Amino acid sequence: MSCLDVGCGGGAVTLDLARLVGPNGRVVGLDFDPVKLEHARQDALEKHVDNAFFVEADVTELEDVNLYDLIYCRFLLSHVKDPVAMLAKLFRALKAKGVLVIEDVDFRGHFSYPKNAAFDRYVDLFQQLAKKNDTNPNIGRKLHAMMVDAGLVNLEITLADLVFDKGDGKTTAKVTLDAIAPALLKAGLVEKAELATIGEELDKFTKSKRTLVSMPRIFQVWGTKVK
Ligand SMILES: C[S@@+](CC[C@H](N)C(=O)[O-])C[C@H]1O[C@@H](n2cnc3c(N)ncnc32)[C@H](O)[C@@H]1O
């Protein structure tokens with residue numbers, strides 16, 4: 001079985017797929033970030049996974065035709081300007097009877113308990129930045145219709161609403177705020193002083209034992225190419 005993990009990042013799912021397809025299958029993890037790919041290669045070496053291969057490339061330039069039995073795409077389409085064109089490329093790269101699996105976010109399903117001003121401001125800023133970059137952080141609910149339009153059949157859909165009281169899942173919002181801070185400042189969406197306050201407040205909120213922080217709601221859709 002031949003699989004492709006597009007926008008594979010650090011390759012966590014690529015390695016899971018490689019284990020699932022076994023020694024007779026192979027998985028290609030494709031990303032345009034060489035640093036993430038190096039981590040992925042290192043991880044594969046350490047975990048003795050030898051049927052995963054990592055390739056540096058831009059998915060918008062993918063020219064593969066009828067090559068893969070399964071293509072997996074997580075948290076990529078919400079980051080690109082033309083997800084419909086990318087979907088068409090993924091469809092073309094699938095073999096007949098191949099399956100395309102897409103997971104992506106909807107920031108409108110991103111919440112905290114109790115309600116917190118710093119968290120809400122972070123969610124708002126993330127969406128404003130995406131709008132400025134011409135990308136869609138609420139693409140999740142559109143995926144099903146987009147996949148129908150792309151020609152996939154036998155579609156299935158599930159929804160993952162993950163919420164955390166501790167651990168990495170809970171700190172994801174603060175980690176993401178830190179990661180997008182330079183872009184927020186550059187885009188003029190927030191002043192440095194306010195950003196520092198949001199960061200401190202969000203950190204304090206995240207560390208409290210009696211608060212909850214969700215992930216953005218995740219739509220999971222998969223479908224088959226007939227021919
Ligand atoms: C949010 S991360 C998701 C990583 C991984 N799929 C996961 O779910 O853990 C998005 C990844 O897509 C990659 N990416 C974004 N646009 C890309 C493009 N046009 N071509 C290749 N990789 C791209 C980024 O470098 C990043 O590693």
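Reader: What is the reach of helix H4, and how does one know what to expect of its 16 residues?

Author: Helix H4 spans residues 117–132 and extends 22 Å from its first C-alpha to its last. The expected span of a helix is 1.5 Å times one less than its number of residues, and for H4 the expectation is 22 Å, so the reach is close to it. A helix here is a DSSP run of H or I with at least four residues and a strand is a run of E with at least two, both numbered from the N terminus. The model is predicted: local features need pLDDT of at least 70, side-chain atom pairs count only at pLDDT 80 or more, and totals for chains, interfaces and linings use all residues. Residues are numbered from 1 along each chain as its sequence is written, and side-chain values use heavy atoms, leaving out hydrogens and water.

Reader: Which residues of H4 are called buried, and what puts them on one side or on several?

Author: Ala 118, Phe 119, Tyr 122, Val 123, Leu 125, Phe 126, Leu 129 and Ala 130 are buried, a term for under 20% relative accessible area (exposed is over 50%, partly exposed in between, with a 1.4 Å probe and protein chains only). These buried residues cover an arc of only 165° around the axis, which places them on the same side of H4; the arc is that of the directions from the helix axis to the C-beta atoms. The face turned away from that side carries the exposed residues Ala 117, Lys 131 and Lys 132.

Reader: What covers the buried residues of H4?

Author: The cover includes strand E6 (112–113), helix H6 (167–186), helix H7 (192–207) and strand E9 (212–214).

Reader: What makes Asn 116 a cap of H4?

Author: A side-chain oxygen of Asn 116 lies 3.1 Å from the backbone nitrogen of Ala 118, at the N-terminal end of H4. A polar contact is a pair of N or O atoms within 3.5 Å; within protein, one must be able to donate a hydrogen and the other to accept it, and residues adjacent in sequence count only if both atoms are side-chain atoms. The distance of 3.1 Å therefore falls within the cut-off.

Reader: How many residues has the largest nonpolar core, and what makes a set of residues a core?

Author: The largest core has 28 residues, and Ile 71 and Leu 100 have the most contacts inside it. A nonpolar core is a set of buried Ala, Val, Leu, Ile, Met, Phe, Trp, Tyr and Cys residues joined through side-chain atoms within 4.5 Å. Helix H3 (83–93) is among the elements that each supply at least two residues, and its five residues are the largest share. Apart from this core lies another, of 21 residues, among them Leu 125, Leu 129, Ala 181 and Ile 198.

Reader: Why is strand E4 described as enclosed, and how many of its residues are buried?

Author: Five of the seven residues of E4 are buried, so the strand is largely enclosed by the rest of the structure.

Reader: How do you know which strands pair with E4?

Author: Two strands pair if DSSP finds at least two bridges between them. E1 and E4 run parallel and are joined by four bridges, while E4 and E5 pair in the parallel sense over six; both counts therefore meet the criterion. Cys 73 of E4 stands opposite Val 6, and its bridge partner in E5 is Ile 102.

Reader: Why is Lys 186 called buried or exposed?

Author: Its relative accessible area is 79%, so Lys 186 is exposed.

Technical notes:
Contact means heavy atoms within 4.5 Å.
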